[in-house]
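Welcome, and thanks for taking a look at this structure. Here is a short briefing to help you find your way around.

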Amino acid sequence: ESGVPSGAVAGLQRSAAKAASLLMLLAMLVGVLVAQAMSGKLAADPHALLASHVNAITGAAWLAALGWSMPWVQYGATGQRRLLQLTALACYANYFVTAGKAFWRVAGVGVTDNPANNVVFALLGVFVVAPSLAAAGAWTLGVWRR
(Lines give C-alpha, C1' and ligand atoms only; values in the text may rest on other atoms or scores of the structure.)
Protein backbone atom coordinates (compact mmCIF):
# COMPACT_ATOMS: atom_id res chain seq x y z
CA GLU A 1 0.00 0.00 0.00
CA SER A 2 1.09 3.58 -0.66
CA GLY A 3 0.36 4.97 2.77
CA VAL A 4 -2.12 7.42 1.23
CA PRO A 5 -5.64 7.19 2.69
CA SER A 6 -7.85 4.98 0.53
CA GLY A 7 -10.30 7.83 -0.11
CA ALA A 8 -7.49 9.98 -1.50
CA VAL A 9 -6.30 7.14 -3.74
CA ALA A 10 -9.86 6.60 -4.97
CA GLY A 11 -10.10 10.32 -5.77
CA LEU A 12 -6.88 10.17 -7.78
CA GLN A 13 -8.11 7.06 -9.57
CA ARG A 14 -11.33 8.87 -10.49
CA SER A 15 -9.30 11.85 -11.74
CA ALA A 16 -7.18 9.50 -13.85
CA ALA A 17 -10.31 7.85 -15.23
CA LYS A 18 -11.79 11.24 -16.14
CA ALA A 19 -8.57 12.30 -17.87
CA ALA A 20 -8.36 8.98 -19.72
CA SER A 21 -11.99 9.03 -20.82
CA LEU A 22 -11.81 12.59 -22.17
CA LEU A 23 -8.60 11.83 -24.03
CA MET A 24 -10.21 8.73 -25.56
CA LEU A 25 -13.15 10.83 -26.71
CA LEU A 26 -10.72 13.32 -28.28
CA ALA A 27 -8.99 10.39 -30.01
CA MET A 28 -12.27 9.30 -31.56
CA LEU A 29 -13.11 12.85 -32.64
CA VAL A 30 -9.75 13.38 -34.35
CA GLY A 31 -10.42 10.10 -36.16
CA VAL A 32 -13.14 11.95 -38.04
CA LEU A 33 -10.55 14.53 -39.09
CA VAL A 34 -8.24 11.74 -40.27
CA ALA A 35 -10.91 10.57 -42.70
CA GLN A 36 -11.50 14.13 -43.90
CA ALA A 37 -7.77 14.70 -44.47
CA MET A 38 -7.33 11.36 -46.24
CA SER A 39 -10.15 12.20 -48.62
CA GLY A 40 -8.70 15.65 -49.34
CA LYS A 41 -11.62 17.50 -47.73
CA LEU A 42 -9.37 18.88 -44.97
CA ALA A 43 -6.08 20.64 -45.65
CA ALA A 44 -3.97 18.72 -43.15
CA ASP A 45 -1.42 15.92 -43.10
CA PRO A 46 -3.50 12.76 -42.59
CA HIS A 47 -0.51 10.85 -41.19
CA ALA A 48 0.07 13.43 -38.45
CA LEU A 49 -3.63 13.38 -37.61
CA LEU A 50 -3.52 9.59 -37.48
CA ALA A 51 -0.49 9.85 -35.19
CA SER A 52 -2.45 12.23 -32.96
CA HIS A 53 -5.32 9.71 -32.90
CA VAL A 54 -2.96 6.90 -31.85
CA ASN A 55 -1.17 9.17 -29.35
CA ALA A 56 -4.48 9.94 -27.66
CA ILE A 57 -5.49 6.27 -27.48
CA THR A 58 -2.09 5.36 -26.06
CA GLY A 59 -2.22 8.27 -23.63
CA ALA A 60 -5.68 7.26 -22.45
CA ALA A 61 -4.40 3.75 -21.80
CA TRP A 62 -1.40 5.12 -19.88
CA LEU A 63 -3.64 7.31 -17.73
CA ALA A 64 -5.98 4.38 -17.06
CA ALA A 65 -3.08 2.11 -16.12
CA LEU A 66 -1.63 4.79 -13.86
CA GLY A 67 -4.99 5.20 -12.12
CA TRP A 68 -5.35 1.45 -11.70
CA SER A 69 -1.84 1.16 -10.23
CA MET A 70 -2.15 4.14 -7.88
CA PRO A 71 -2.57 1.98 -4.74
CA TRP A 72 0.93 0.59 -5.35
CA VAL A 73 2.64 3.89 -6.15
CA GLN A 74 4.74 4.46 -3.04
CA TYR A 75 4.49 8.25 -2.80
CA GLY A 76 2.44 10.45 -0.54
CA ALA A 77 -0.76 12.11 -1.70
CA THR A 78 1.11 15.12 -3.11
CA GLY A 79 3.57 12.94 -5.02
CA GLN A 80 0.80 10.81 -6.48
CA ARG A 81 -1.19 13.89 -7.52
CA ARG A 82 1.89 15.42 -9.18
CA LEU A 83 2.60 12.17 -11.00
CA LEU A 84 -0.94 12.12 -12.38
CA GLN A 85 -0.71 15.78 -13.41
CA LEU A 86 2.65 15.27 -15.13
CA THR A 87 1.38 12.20 -16.98
CA ALA A 88 -1.79 13.98 -18.07
CA LEU A 89 0.25 16.96 -19.29
CA ALA A 90 2.44 14.70 -21.43
CA CYS A 91 -0.49 12.70 -22.83
CA TYR A 92 -2.68 15.69 -23.68
CA ALA A 93 0.23 17.71 -25.10
CA ASN A 94 1.21 14.77 -27.30
CA TYR A 95 -2.32 14.70 -28.69
CA PHE A 96 -2.71 18.46 -29.20
CA VAL A 97 0.77 19.26 -30.54
CA THR A 98 0.67 16.34 -32.97
CA ALA A 99 -2.80 17.33 -34.18
CA GLY A 100 -1.68 20.94 -34.55
CA LYS A 101 1.42 20.09 -36.53
CA ALA A 102 -0.79 18.30 -39.06
CA PHE A 103 -2.08 21.68 -40.22
CA TRP A 104 1.43 23.16 -40.43
CA ARG A 105 2.65 20.03 -42.24
CA VAL A 106 5.91 19.83 -40.32
CA ALA A 107 7.64 16.90 -38.58
CA GLY A 108 8.94 18.74 -35.53
CA VAL A 109 11.61 16.14 -34.86
CA GLY A 110 14.63 18.44 -35.11
CA VAL A 111 15.68 22.05 -35.62
CA THR A 112 15.47 23.20 -39.25
CA ASP A 113 15.20 26.50 -41.09
CA ASN A 114 11.39 26.30 -40.83
CA PRO A 115 10.12 28.37 -37.85
CA ALA A 116 6.86 26.37 -37.57
CA ASN A 117 8.84 23.13 -37.41
CA ASN A 118 11.05 24.59 -34.69
CA VAL A 119 8.04 25.67 -32.62
CA VAL A 120 6.63 22.14 -32.84
CA PHE A 121 10.04 20.67 -31.96
CA ALA A 122 10.26 22.90 -28.87
CA LEU A 123 6.68 22.17 -27.81
CA LEU A 124 7.22 18.43 -28.13
CA GLY A 125 10.45 18.58 -26.17
CA VAL A 126 9.11 20.72 -23.34
CA PHE A 127 5.56 19.40 -23.01
CA VAL A 128 5.80 15.80 -24.27
CA VAL A 129 9.29 14.28 -24.22
CA ALA A 130 10.61 15.68 -20.94
CA PRO A 131 7.38 15.18 -18.96
CA SER A 132 6.88 11.68 -20.44
CA LEU A 133 10.35 10.58 -19.42
CA ALA A 134 9.97 12.14 -15.96
CA ALA A 135 6.51 10.62 -15.42
CA ALA A 136 7.51 7.16 -16.65
CA GLY A 137 10.61 7.23 -14.43
CA ALA A 138 8.68 8.47 -11.40
CA TRP A 139 5.93 5.91 -11.93
CA THR A 140 8.48 3.11 -12.22
CA LEU A 141 10.28 4.23 -9.08
CA GLY A 142 6.98 4.62 -7.25
CA VAL A 143 5.78 1.09 -7.91
CA TRP A 144 9.19 -0.50 -7.32
CA ARG A 145 9.87 1.30 -4.02
CA ARG A 146 9.52 -0.64 -0.80
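A good place to begin is Val54, which lies in helix H2 (residues 46-69); here helices are DSSP runs of H or I with at least four residues, strands are runs of E with at least two, and both are numbered from the N terminus. At 43% relative accessibility, Val54 counts as partly exposed, because buried means under 20% relative accessible area, exposed means over 50% and partly exposed is in between, using a 1.4 Å probe and protein chains only. This is a predicted model, in which local features need pLDDT of at least 70, side-chain atom pairs count only at pLDDT 80 or more, and totals for chains, interfaces and linings use all residues. Residues are numbered from 1 along each chain as its sequence is written, and side-chain values use heavy atoms, with hydrogens and water left out.

**The overall picture**

- The protein has four helices and zero strands.
- Following the sequence from start to end, you will meet the pattern α-α-α-α.
- The C-alpha trace spans about 55 × 30 × 20 Å along its principal axes.
- Of the 146 residues of the protein, 40% count as buried.

**Helices H1 and H2**

- Two packed helices are described by the angle between their axes and the distance between the axes.
- Helix H1 (residues 6-38) and H2 have axes that come within 8 Å and cross at roughly 165°; axes are lines fitted to C-alpha atoms, for helices over the stretch in contact, and angles run from 0 to 180 degrees between N-to-C directions.
- That angle makes H1 roughly antiparallel to H2, since angles over 145 degrees count as roughly antiparallel, under 35 as roughly parallel, 65 to 115 as roughly perpendicular and the rest as oblique.
- The crossing of H1 and H2 is left-handed, a term for a near helix turned anticlockwise from the far one by less than a right angle, while clockwise gives right-handed.

**Residues to find in H1 and H2**

- Val54 and Met28 are 26 residues apart along the chain, and their C-alpha atoms are separated by 9.6 Å.
- Ala56 is another residue of helix H2, and it is buried, with a relative accessible area of 0%.
- From Ala56 to Val30 there are 26 residues in sequence and 9.2 Å in space, C-alpha to C-alpha.
- Ala20 belongs to helix H1 and counts as buried at 8% relative accessibility.
- Between Ala20 and Gly59 the C-alpha to C-alpha distance is 7.3 Å, although they are 39 residues apart in sequence.

**Helices H3 and H4**

- H3 and H4 pack at an angle of about 155°, with their axes 8 Å apart.
- That makes H3 roughly antiparallel to H4.
- H3 passes H4 in a left-handed crossing.
- Arg105 sits in the loop between H3 and H4.
- With 52% relative accessibility, Arg105 counts as exposed.
- The phi angle of Arg105 is near 55°, a positive value in a residue other than glycine.
- Phe121 is found in helix H4 and counts as partly exposed at 34% relative accessibility.
- The C-alpha atoms of Phe121 and Ala107 are 8.0 Å apart, with their positions 14 residues apart along the chain.

**A nonpolar patch on the surface**

- Leu33, Leu89, Phe103, Trp104, Val119, Leu123, Val126 and Phe127 make a nonpolar surface patch of about 680 Å².
- The elements that give two or more residues to this patch are helix H3 (77-104) and helix H4 (115-144).
- H4 gives the most to the nonpolar patch, with four residues.
- Val126, one of the patch residues, has its place in helix H4 and counts as exposed at 51% relative accessibility.
- Patches are made of residues with over 30% relative accessible area and no salt bridge, with like charges joined within 9 Å and nonpolar side chains (Val, Leu, Ile, Met, Phe, Trp, Tyr) within 5 Å.
- A salt bridge is a side-chain nitrogen of Lys or Arg within 4 Å of a carboxyl oxygen of Asp or Glu.
- Accessible areas come from the Shrake-Rupley method with a 1.4 Å probe, and for residues only the protein chains shown count as cover.
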